[in-house]
Structures are given as C-alpha cells and as structure tokens.
4 protein chains.
Amino acid sequence: MAGVNKVILVGNLGADPEVKYLEGDNTVANLRMATTEAYKNRNGERVEQTEWHDLEMWGAQAKIAEQYLKKGSQIYVEGKIKTDIWQDEQGQNRYRTKIRVLSFTMLGAKPDGAGNQNTAQQAPQQRPASAAPTSAPKAQEMVTDTEDDDLPF
Amino acid sequence: MAGVNKVILVGNLGADPEVKYLEGDNTVANLRMATTEAYKNRNGERVEQTEWHDLEMWGAQAKIAEQYLKKGSQIYVEGKIKTDIWQDEQGQNRYRTKIRVLSFTMLGAKPDGAGNQNTAQQAPQQRPASAAPTSAPKAQEMVTDTEDDDLPF
Amino acid sequence: MAGVNKVILVGNLGADPEVKYLEGDNTVANLRMATTEAYKNRNGERVEQTEWHDLEMWGAQAKIAEQYLKKGSQIYVEGKIKTDIWQDEQGQNRYRTKIRVLSFTMLGAKPDGAGNQNTAQQAPQQRPASAAPTSAPKAQEMVTDTEDDDLPF
Amino acid sequence: MAGVNKVILVGNLGADPEVKYLEGDNTVANLRMATTEAYKNRNGERVEQTEWHDLEMWGAQAKIAEQYLKKGSQIYVEGKIKTDIWQDEQGQNRYRTKIRVLSFTMLGAKPDGAGNQNTAQQAPQQRPASAAPTSAPKAQEMVTDTEDDDLPF
DNA sequence: TTTT
DNA sequence: TTTT
C-alpha cells in the first residue's frame, strides 16, 4: 500500500553546505538546519528549544544550495525521513536519521547582490538538471529534486 | 520569490468521480470530498463539522481515479489551492475554489478484488502517463500528476 | 470518522491586515496573501503564477497580526479550508473560500525595531489569550489560535 | 525566531504499541510505523521501499493508542522530529530520532466491534486528558496531545 | 494586491 | 453528497 513520509521544516542553517562531487558526475550536499520552538513554561518563563536536522540534497539541487545557501540562511524545506542503520565494531546497531530534501526555497533576507527570497526545489519537468546555466533555478525559486530513481540513496 | 501553496486532505468522496474526455487526448476528473472534524463543545456535546472540497485531477491521474475511486472511498490527497474568478451577468465577481490534486492515495478498504490500500500520485519521472497499462499505477500506490506545464489549468 | 483538512502557505501579504473589533470582546483579522510559483514553460520562458488567499484570524492572533504584519510581510501559515456558501438575490449559490489560520509565523525581514523573524501561532496551552501583554507572543514566534470552540466560525 | 518542524506520515504499525505507565500518573506509548513507497526503476521493475519510524505518544493519547491501535493498523500521524543524542561507553556520539506525535487518526479498516476510521489527536481545549471515559476520544476521531509543557520530553 |  |  502507498504511504506518506513527509517533512516540512522552516529554520536556519547552522553552517555552510558541505558539498561533495562524486564520480559519475553526481553531487551531494549535506546541511545542518535548526528549527527553534519558543514557548512559556509553567512558571511563565520563555523557553527555547532547538532541534537540529541533517539535510541531504542531490544533483542540481546540491549545486544550487552550494551557490546560494550559507550559514544563517533561512529556508523552507520539504522532504522525507530516511534512517541509515548499520552495525558498529561492537556489533551494535547504530542509527542516523536525515532528511532527504525534495524541494527547498530561501526565505527572508535577500542573497548578497540579488533579489529577495529564494526557493530551490526539485521540480522534475520544469527545471531539468540539464538546463543551461541561464535557465537554472535560483535559490529564490522553488528548487526541486531532479534526480533519477536509481541513485545510491 | 518562491511561495508554498500546499493542501493535505484525508476524507471520503461524496460521489463517484466525474470524468470528462477532452479533445487533444486530455482527461479531467472532478471529485467531491468531505473532511470531517469532531470535537466537544462547551456543553460537552459532540459536534461534527464537515467541509466539502472540489478536487480536480488531470491526465493519467484522472483515469486512475475513474477506475479505482467511487462514492465513499477514503483517500489521502496532496495538492494546491486554485481559485477561479469571473464576472457573472450582473457584473459581480464570482469565486470558486478547488484543489488541484498533485498526488493521492487510497486508504483503508481494499478495492474489490484487489490488494490493499491504494495511492495514486502524479510522480513525473516514475510513472509516465505514457506507461503501458500493465505498468500503470493502481490506486493502492501513490498516484502523481504527470501533466505538462502548458495545459489549460 | 476523523478527517484531515490542512493548508500550508508561504507568501506575502498584499495589503495590511483588516481588523474588526466585535462585540463580546472578539477580534477578527482578514488578510490577503499571495503565493507565487515560477516555472519554465515548454518554450523555456519563465512563467510566474500567483494565487491569492483570504486568511482569517481570530482573537489574540488577530491582534498580533494587526500589530506586526503589514503589506509585503512574508509569512508561513498553517490552517484549514473553510468555504462559505449562501444564496444571492437570484437564488443562485455563491461560494467564498477562506483559510482559517491556526498558526502563523513571520519570515525574513526583521520587524522595525525588533528581533529577527516572527512566528505567531495559536498554541493553546503555551500562550493563553489571557496572557499579560509582556508575555504575549510576538510575530517572531509561532502564534497559535487560542479560541474556543463556540465562536461564530 | 520561530521555526517549523512538522512530520506527516501515513502507514501501518509493525507491532502493537508498547505502553509504559510511569510514576506521577504519566503514560508513554512507543510505536513502530512503516511508510512504504512504490515506484518503477529504470528497468521498469516495481520497487518497494519501506521506511521505519519510531513514534512516541504521551498521556491520554498513549492510552488511546493502547486501546485502539495494534499491529497492522493504518494511521495518519502528525508530529515533530526529535533526536536524542548521548555518548556511549566508548565516548562516541549515538543518535536516535523519533517522531513526537501531536495528533493521529486511524484509517481504513474498522476496529473490531467498533465504528469506522479513527483519529486520535492531541487537541488541548477540546478533549482534555481529564475528560470522563465516556467523553474520551476514540481512535476514530483525531486524537491530539493534551500534555503540558514541562513533561520530560 | 504581495514578492522576485 | 462522504464517513462515524
């Protein structure tokens, strides 16, 4: 049966994206993103709670992230949860959960010389990874994942 | 700047899908869907509130809806809000808001002879509208919109 | 049965909020919000499509909107779809769909003298409508609906 | 600034809920939930990918889960991502990510003798944890978290 | 009517 | 007009 595995985040990057260029012309970007919640506790004191998320982007999307996003950038992210499980040397299960980003968009602050908010999604038909540089999406537009199904993730 | 316009619904169809075959080999399906909320009011009485939604599906997705969905079907829907505005004979603005479905999946009850729950999405690369019947998604899978950008909607 | 009726929007206000103070110490705010999508059509031309949404906020949330939001403000909104239906003088059904906001948060640009981004939600336990001004949420925090069930909406 | 940390899942439970009654009249339920995605790979073969999620529910919600949910139950879940980090005996960072459920609802198949679909949410004002048994939400309704802010999670 |  |  079909399931739904959807994550929606709004928050800020804790560091610049880390981008790796892999063999076979593939690119992956890893980002750390904070989402902060504020509320008043029983004593009426303001409490802030920050959750950190590991984001993973692939292909053209990763390159756009490298180009437009940096530490502090506020973004909207849509993706899905993926948990890696493996065994360490002691034979114990180890877990690491990340968000596979399907689309993102920059919020708020204008990029350096550029316009205002950016959105970078992985919108298949609309912005092919093979698109010429001039037609490439900017972070101000929704940047959608353009990857195929057989990539190693 | 990039925006987000996202709708997520879980509910039941009030009637069978209405499907129209248009010229140019295009298909559109219109569905009425109810989402029901239940809560207790100040007097502790249980109150039910039902909201009705007009759904619109195109192309292969519309055909899957016609084939698998019917009055009473429980579905999960993801889409976006679209409001049509026009002027009536009196020159007054008239409004009609519908949900342009981007993906859907059948929930719960198994279709007649078939497997378990269905999901029908509009997943571009994965399930092309041109796919052979045997490889067509069923309502038990996520059915995603496969339409192009230049269609009349 | 329980349904889901959820809307998530990111966009900008087309005008300042319109706030009405009703009898019985109730407040309602109406806002117009644009969500813009950009994509390339078949000819490779960039096309922009803007959808306009009618937002409705109540109570403390409405007051926060009045205080912090204005024309151009970029916000994240979570809410549900509500369609009003009535008959006009000709006896024809008239429809108007709005988004009943359950929580919102300001994005991007800092409010005038204030801190950073704002989020205003309707978070019941956390920020009661009866909270003293000093403990009131700002638009930089998530502002959640605090209303009761028996209000006229 | 205010952030958004939202998860939406539709899937099935891999086992009955595990419920623990804690001191101080607190209850916690842990559930394993699968979300399955199906797509065709480059060779046109149908591929299924299942992701497993650790859900955590508290208070009245946990009790409703214990009462109505079991292995195989199909549910809709809304929550937020929470990652626990600690150091193991080797001084290495260990991670475990779970979904703190804010609301859920049962989908599809009717519970044994009961009505149809269930939704169990954590809707504060509407269905207080202190509500009498007869007014308690069933899994067919949206079951919302009723917990306070100072609980240990 | 917003924003880029 | 669905569903419970």
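This is a short talk on a predicted model with chains A, B, C and D, from its confidence and layout to its pairs of charged side chains.

Hi everyone, and thanks for coming. Please keep in mind throughout that this is a predicted model. So let's begin with how confident the predictor was.

I'll use chain A for this part. Its average pLDDT is 82, and 76% of its residues score at least 70. Now look at the secondary structure elements. Confidence is highest in strand E1, residues 4-13 of chain A, at 98. The lowest value among the elements belongs to strand E7, residues 143-144 of chain A, with a mean of 92.

Which stretches of chain A have a pLDDT below 50? One of them covers residues 111-134. The model still gives that stretch 92 contacts beyond near neighbours in sequence. Another low stretch is residues 149-153 of chain A, where pLDDT stays under 50 and the model has 14 contacts beyond four places in sequence. Here is a good habit to take home: where pLDDT is low, the predicted coordinates should not be read in detail.

Next, the layout of chain A. How many helices and strands does chain A have? You can find one helix and seven strands. Reading from the N terminus, the order is β-β-β-β-α-β-β-β, with the helix sitting after four strands and before three more.

A few numbers give a feel for the whole chain. Chain A has 153 residues, and 57% of them are buried. Its exposed area is about 6,700 Å², of which carbon and sulfur atoms supply 45%. And if you take the contacts in chain A between residues at least 6 apart in sequence, 53% of them join residues at least 24 apart.

Let's move to chain D and zoom in on some strands. Strand E3, residues 26-40 of chain D, pairs with strand E4, residues 46-58 of chain D. They are antiparallel, and 13 bridges hold the pairing. The two strands form a hairpin with five residues between them. In that turn, D:Gly44 has a positive phi of about 80°.

Strand E4 of chain D has another partner too. Two bridges join it to strand E6, residues 93-106 of chain D, and these two strands run parallel. If you want one residue to click on, try D:Glu56 in strand E4. On one side, D:Glu56 is the bridge partner of D:Asn30. In strand E6, its bridge partner is D:Arg100.

Now for how the chains relate to each other. Rotate chain B by 180°, with 0.0 Å of shift along the axis, and it superposes on chain C with an RMSD of 0.0 Å. These two copies are thus related as by a two-fold rotation axis. Which residue of chain B has its C-alpha nearest the axis? That is B:Val7, at 2.3 Å. The copies also use the same surface, as 100% of the contact residues of chain B recur in chain C.

Chains D and A tell a matching story. A rotation of 180° with 0.0 Å of shift superposes chain D on chain A, at an RMSD of 0.0 Å. In chain D, D:Val7 comes closest to the rotation axis, with its C-alpha at 2.3 Å. The copies meet through the same surface, because 100% of the interface residues of chain D are also interface residues in chain A.

My last topic is charge. Side chains of opposite charge can pair when their charged atoms come close. Over all chains, a search of the whole structure finds 44 salt bridges.

One of them joins A:Asp84 and A:Lys98, at 2.9 Å from N to O. A:Asp84 is in strand E5 and A:Lys98 in strand E6 of chain A, 14 residues apart. Is A:Lys98 buried or exposed? It is buried, with a relative accessible area of 15%, while A:Asp84 is partly exposed at 36%.

In chain B, B:Asp54 and B:Arg32 form a salt bridge at 3.0 Å. B:Asp54 lies in strand E4 and B:Arg32 in strand E3 of chain B, so this pair ties together parts that are 22 residues apart in sequence. B:Arg32 is partly exposed, with 32% relative accessibility.

Chain C has a salt bridge between C:Asp84 and C:Lys98, at 2.9 Å. C:Asp84 is partly exposed at 37%, and C:Lys98 is buried at 14%. Finally, salt bridges with shared partners join A:Lys6, A:Glu78, B:Lys6 and B:Glu78 into one network.

That's it from me, thank you!

Conventions: Residues are numbered from 1 along each chain as its sequence is written. Chains are lettered from A and ligands numbered from 1 in the order in which they are written. Side-chain values use heavy atoms; hydrogens and water are left out. Copies are superposed by least squares on the C-alpha atoms of residues with pLDDT of at least 70 in both. Contact means heavy atoms within 4.5 Å. Two strands pair if DSSP finds at least two bridges between them. pLDDT is the predictor's confidence in each residue, from 0 to 100. Buried means under 20% relative accessible area, exposed over 50%, partly exposed in between (1.4 Å probe, protein chains only). Accessible areas come from the Shrake-Rupley method with a 1.4 Å probe; for residues, only the protein chains shown count as cover. A salt bridge is a side-chain nitrogen of Lys or Arg within 4 Å of a carboxyl oxygen of Asp or Glu.
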